Amino acid sequence: MAGQISVIDFGRFIGGSTNERKSVAYDIDKALTTSGFLSLINHGIEQSIIDECFYWSERFFELPVHEKSQLSPSVHKMRHGYLGIGKEIVRGERSHKENFDFGNPEDSDMESWPSPEKLPGFRECAETFYHACSRLISELFECIDLIFKLDTNDSLSKHHSGSADVVSFLHYPAVRQRGNFVRGMAHSDLGTITLLFQHGIGGLQVADHDSTRETTTVAIEKTANFIDVHPDSQAILVNVGYLLMRWTNGRWPSTVHRVTWPPGFRDTQDSGMQTDTPERFSIAFFSFPDYEVDIEPLENCRSQQQPRRWKNSLNAGEYLLKKRRQLYSS
Ligand SMILES: O=C(O)CCC(=O)C(=O)O
Ligand SMILES: [Fe+2]
C-alpha cells in the first residue's frame, strides 16, 4: 500500500460524466484491492451535519455514567444504546472506549435515545446523519455495480435495506500514560462497508499488507507495519468489512486496524514523561446486509485464475450474531 491511504475525489462520481464515474470506479477498485481502505473527499455529506454530530456526541459522553447507563442495551439483538468503557472484549482484552449505537431511525425499535430535555437536538441530528450516510452508501453501491458490472438484479444494494445498519458514536477517554495501552484493539470490521469520521485527535492505525505475510489478526498485529491515518475532518475513511471481502472473493481485504496513542504522544511515553493522552472522538457508520442474505462470491470476482476462496456461502445474520456474542460476552 506504499505506506499511505489513497485519497479519492468522490465529487467526480456523484456529479460526474460517464467517463468520470468510470475513472473514479477504477480508482476505488485499485485502492480497495491494495489496502481495503481509502479516504473520500467531496463525499457529498455536509460538513455542518458531521460537526453537529460530534458536538452532540461530546455532550452525550459528558453525562454522568449513571445517566448514560440507563440507556444500556437490554436484550436487543443489535445492542443499540450505550456501551460503557470495557464492555467490548477483543481476544480477552477490554477496549478503553465507550460508545452510543443506534440504527435506522425508521425501523429501529430502540427505546434508548437520550432524553430531549437533557440533549435537545441530539436525536434529530443523529437521524439526519444516518440518512446522509445511507445516501453515500447507496452511491458507493452504484460504484460497486460499475466496478463489477452488476445489473439491478445483482446489485449489492438489493441486499441492504438498511435495517441492520449501525451508527456508533465513539469516545476514548483521556488516559494518564502508564505502560502499554491500546484504545481500540486490533480488529477488522464485520459488515459490508464502514464509513469512519475522525475529529481532531488521531491514533487510528491501519496495517500495511505489504509488510507481512501473516493472515490472522493476532499475527498481523505482531508483524505488520501500521500506518498512521491522519484525522482529516473533511474526509471520510471507507473500509471493507469481512462480508464485503467474502462477496469480492477476497479481492478487497478487510484490513486490520486499531486505535492507539495519537502520533506525538508516543514519544512522551517512550521518554517516561507522564502526560495525559487527550480524549478522542470518532463516529462510524457500519453498513450491514440484511440478516437473511446468503453471501456468495460475485461472478466477476471468480475465474479459473481466482477460484472460490471459501467453499461455502455465508449467512450474514448467523455470522453477525456469532461475532457480536463474542465481542460483548459480559
Ligand atoms: O475510532 C476509530 O477511529 C476506529 C473505530 C473502529 O475501527 C471501529 O469501531 O470499528
Ligand atoms: Fe473498525
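Which polar side-chain atom lies 3.0 Å from an oxygen atom of ligand 1? I looked this up and found that the atom belongs to R280.

**Conventions.** I am working on a predicted model, in which local features need pLDDT of at least 70 and side-chain atom pairs count only at pLDDT 80 or more, while totals for chains, interfaces and linings use all residues. I number residues from 1 along each chain as its sequence is written, letter chains from A and number ligands from 1 in the order in which they are written, and use heavy atoms for side-chain values, with hydrogens and water left out.

**Ligand 1, polar contacts.** I take a polar contact as a pair of N or O atoms within 3.5 Å; within protein, one must be able to donate a hydrogen and the other to accept it, and residues adjacent in sequence count only if both atoms are side-chain atoms. Besides R280, I noted an N or O atom in the side chain of H187 at 3.0 Å from an oxygen atom of ligand 1, and one in the side chain of D189 at 3.2 Å from an oxygen atom of the ligand. Taken alone, ligand 1 exposes 290 Å², and the protein buries 94% of that (Shrake-Rupley method, 1.4 Å probe).

**Ligand 1, shell.** I listed the residues surrounding ligand 1 (a heavy atom within 4 Å), among them L170, Y172, L196, V259, S282 and F286. Strand 7 (166–172), strand 14 (257–259) and strand 16 (280–287) each give two or more residues to this shell, and strand 16 gives the most, with three. Strands here are DSSP runs of E with at least two residues, and helices are runs of H or I with at least four, numbered from the N terminus.

**Iron ion.** I then turned to ligand 2, the iron ion, which is coordinated by H187 (NE2), D189 (OD) and H257 (NE2) at 2.1 to 2.2 Å. Donors are N, O and S atoms within 2.8 Å of the metal (3.2 Å for Na, K and Ca), and because water is not among the atoms, sites may look incomplete. The donor residues are spaced H-x1-D-x67-H in sequence, and the pair H187 in strand 9 (residues 184–187) and H257 in strand 14 links parts of the chain 70 residues apart.

**Accessibility.** Are the two histidines buried or partly exposed? I found H187 partly exposed, because its relative accessibility is 29%, whereas H257 counts as buried at 5% (buried under 20%, exposed over 50%, partly exposed in between; 1.4 Å probe, protein chains only).
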